[in-house]
Amino acid sequence: VEGWAGFCRDHATGGYLCCHRGGLRSRTAQDWIEGEIGVRYPLVEGGYKALRRFLIDELTRALDPAAADLVLVGGRTGSGKTRAIE
């Protein structure tokens with residue numbers, strides 16, 4: 001707990017609190033952090049799933065698949081991905 005408190009003190013601005021579902025546990029953590037440490041992190045409503053859905057929707061909207069000039073390079077470690085893109 002002390003390590004978590006120290007992290008919050010060292011990173012008091014620019015952070016957000018995001019739990020998996022964004023329910024009671026994240027609100028409890030938010031209240032504890034504010035009460036004990038004095039840092040108020042905004043809560044991501046709906047949690048990780050809502051954040052992930054938002055990001056996917058925004059990327060889909062921003063990158064028109066028909067107009068995007070993207071190439072996905074994937075593969076296991078050591079398979080030569082870096083050589084392929086250089």
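A residue counts as buried when its relative accessible area is under 20%. Keep that cut-off in mind as you open this predicted model.

**Stop one: Gln-30.** Start by selecting helix H2, residues 24-37, and find Gln-30 within it. Its relative accessibility is 9%, so Gln-30 is buried. Now show its contacts. Leaving aside residues up to four places away in sequence, Gln-30 touches Leu-17, Arg-40, Tyr-41, Pro-42 and Leu-43.

**Stop two: Arg-40.** From that set of contacts, pick Arg-40. Arg-40 is partly exposed, at 45% relative accessible area. Add Glu-34 to your selection: the two side chains meet in a salt bridge, with 2.6 Å from N to O. Next add Asp-31, which also forms a salt bridge with Arg-40, the closest N and O atoms being 3.9 Å apart. Both acidic partners are partly exposed: Glu-34 has a relative accessible area of 36%, and Asp-31 comes in at 48%.

**Stop three: helix H3.** Move on to residues 47-62 and select Arg-53 and Asp-57. Here you will find another salt bridge, whose closest N and O atoms are 3.1 Å apart. Why are these two separated by about one helical turn? Because they sit four residues apart in helix H3. Arg-53 is partly exposed at 44% relative accessibility, and Asp-57 is partly exposed at 39%.

**Last look.** Go back and display Asp-31, Glu-34 and Arg-40 together: salt bridges with shared partners join them into one network. How many salt bridges are there to find in the model? The count comes to six, including the Arg-53 to Asp-57 pair you just visited.

Key: Residues are numbered from 1 along each chain as its sequence is written. This is a predicted model: local features need pLDDT of at least 70, side-chain atom pairs count only at pLDDT 80 or more; totals for chains, interfaces and linings use all residues. Side-chain values use heavy atoms; hydrogens and water are left out. Buried means under 20% relative accessible area, exposed over 50%, partly exposed in between (1.4 Å probe, protein chains only). Contact means heavy atoms within 4.5 Å. A salt bridge is a side-chain nitrogen of Lys or Arg within 4 Å of a carboxyl oxygen of Asp or Glu.
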